[in-house]
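Biologist: I would like to take a close look at a single part of this protein, and I would be glad of a careful explanation that a first-year student could follow. Please show me the model before we begin.

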Amino acid sequence: MSAQSIMFQGTASDAGKSWLVAAVCRILSNQGKKVVPFKSQNMALNSFITDIGDEMGRAQVYQAEAARVKPDVRMNPILLKPSTDKDSQVIVMGKVLADMDAASYYKFKPQLIPQIMEAYEGLASENDAVILEGAGSPAEINLNDNDIVNMGMARMVDAPVILVADIDKGGVFASIYGTIKLMPLEDQRRIKGIIINKFRGDKSLLEPGNKMIEKLTGVPVIGVLPMSDIDIDEEDSVSLTRKSRQKEAGKALDVAVIDLDKISNFTDVHSLEIQPDVSVRYVVKADELGTPDLLILPGSKNTNEDLAALKKNGLYEEILRAHQDGSKVVGICGGYQILGRKLYDPEAIESPIKEQAGLGLLDTETTFNEQKTTTQAVAKRKNYTLKGYEIHMGTTKLGLNATPFSVIYTTNGQSESREDGAVSSDGTVMGTYLHGIFDNPYWTRHFLNKIRTSKGLAPLVNTNVSISDYKDQQYEKLAQLFEQNVDMEKFEQILHDSTKVKGD
């Protein structure tokens, strides 16, 4: 018997497709089934490095965690990482293929179908179920001729589709009707159910609309999920609009994260958000910064352009002022590069800006080159062992007034010895290429306690929050939310029938 399959598509981006895939992965895993997520093409700046050095989208990583399996690049064979408003880095099976503009990629992407199908079929042959995710909306009628991620993908593997609609955005029934009716009849028949997501209020008030949309489209509404406070890694930077801009009352430590235009891997901060004494806020404008206890410059897909933007919007001067007034500063990946004295890009690898002065808070210089570092790594910092991963272009050299942040001794499971990152001579500024640095609970609490004591506060003890345990709790909550608010009999019937011909 072939693997069961079902695909979640959305009426728009951020409708909740990724979360529902994760929910179903956990539900089926709880039933003892071997289940994996799959998204043929993902566009995101939040990515992850597998244990063999392949780069893939972050959403498929947390979906794999929900399924209790290791992330595998086959779960996301094509990853697009936007470099500018027009160009993206195209990553195929975990490795950089090329930089392409939108028009070039549109013409090229049908050539990727064999690799997509090889990845999918490999997963399907090894598992009981494959839960697919679409991208954006399947009703982008200007793009559907060459679609490889929504209905095009569903047709390739003959998967039934559940349409997810976000009621919080407004116009939910219009978006459902318009999405379905813009599709060819063949694709309309493939949609077997509708789930309305992020509902607030009394569900009974929605029933007349549900019945009407069922009559208009012929597709049953099989679930209405309420808005929830479940806390799972976000992939799309659009989610940052929901993040706090203000310090949370009652929290001792104020952490400000600079919301860069090309911010990437902002999931690095998630472990700080769950600390009992930490308030994390995201800063867009110069007058929002103030003097936080800790200022974080996160990763960036285009470091030079983000640095130029900081100079233009006034945050460059405010970061220097905040540090002068006592803020500790940490830079991760692109943020680490921005903290240095100079950035060089003589071959215009990342942007047309060939040379630029950084913040100068670290005695370092970075030169960009074509080689991309993608590794999982284990490092030592004093008495702590740190696990993380690297995704960056460019090499950074330290001057006399900086010392290494850590020493990396394992890369992708192989022994190695090299220095990473930098720390200023007074210890108030540090940078590292290691993503996931705050996911190391013992070092993170040690680091936060040093900030506490500098403020005259007693250190916290026995508060080492494991991000993996925390996430696991959230996946269980998500599975329960799905099971309690979706007609599971209808859902399981759709999944059961998926081994038959679905497009009839």
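Is Glu476 buried or partly exposed, and what is its relative accessible area? Please take me through its surroundings and then outward to the rest of the chain.

Modeller: Please keep in mind that what we are looking at is a predicted model. Glu476 is partly exposed, with a relative accessible area of 23%, and since buried means under 20% and exposed means over 50%, a value of 23% falls in between.

Let us turn to the partner of this residue. Side chains of opposite charge can pair when their charged atoms come close. Here the side chain of Glu476 forms a salt bridge with that of Arg68, with a distance of 3.1 Å from N to O. Because Glu476 lies in helix H14 while Arg68 sits in the loop between helix H2 (58–67) and strand S6 (78–82), this pair ties together parts that are 408 residues apart in sequence. Arg68 also counts as partly exposed, at 44% relative accessibility.

If we follow helix H14 (467–485) onward, we come to a loop that leads to helix H15 (488–496), and Asp487 is found in that loop. Asp487 counts as partly exposed, at 30% relative accessibility, and together with Glu483, Glu489 and Glu492 it gathers in a patch of negative charge on the surface.

The bridge between Glu476 and Arg68 can be set beside others, for the structure holds 31 salt bridges. One of them joins Arg155 to Asp187, whose closest N and O atoms are 2.7 Å apart. Arg155 belongs to helix H5 (residues 151–157) and Asp187 to helix H7 (residues 185–190), so this pair ties together parts that are 32 residues apart in sequence. The two partners differ in their cover, because Arg155 is partly exposed with a relative accessible area of 33%, whereas Asp187 is buried with a relative accessible area of 4%.

A further salt bridge is the one in which the side chains of Asp325 and Arg321 meet, at 3.2 Å from N to O. Asp325 is partly exposed, with a relative accessible area of 46%, and Arg321 counts as partly exposed as well, at 24% relative accessibility. Salt bridges can also link several residues, as they do in the network that holds Asp14, Asp166, Lys169 and Lys198.

The surface also has a nonpolar patch of about 310 Å², which is made by Tyr177, Met212 and Leu216. Tyr177 has its place in helix H6 (residues 172–181) and counts as partly exposed, at 37% relative accessibility. Another partly exposed residue is Pro220, with a relative accessible area of 28%, and its place is in the loop between helix H8 (207–217) and strand S12 (221–226). The C-alpha atoms of Pro220 and Ile162 are separated by 10.0 Å, although these residues are 58 residues apart along the chain.

Finally, we can step back to the whole protein, which has 15 helices and 27 strands. Its radius of gyration is 23 Å, close to the 23 Å that the globule rule gives for 504 residues, so the protein is as compact as a globular protein of that length. Its C-alpha atoms fill a box of roughly 70 × 50 × 40 Å, taken along the principal axes, and buried residues make up 57% of the 504 residues.

Technical notes: Residues numbered from 1 in each chain as written. Predicted model: local features only at pLDDT ≥ 70, side-chain atom pairs only at ≥ 80, totals over all residues. Heavy atoms only, no water. Patch = residues over 30% accessible without salt bridge, like charges linked within 9 Å, V, L, I, M, F, W, Y side chains within 5 Å. Areas by Shrake-Rupley, 256 points an atom, 1.4 Å probe, with all protein chains shown as cover. Salt bridge = Lys/Arg side-chain N within 4 Å of Asp/Glu carboxyl O. Lys, Arg positive; Asp, Glu negative; His and termini not counted. Charge placed at Lys NZ, Arg CZ, Asp CG, Glu CD. Helix = DSSP H or I, 4+ residues; strand = E, 2+ residues; numbered from the N terminus. Buried < 20%, exposed > 50% of the residue type's maximum accessible area, 1.4 Å probe, protein only. Rg over C-alpha atoms; globule rule 2.2 N^0.38 Å.
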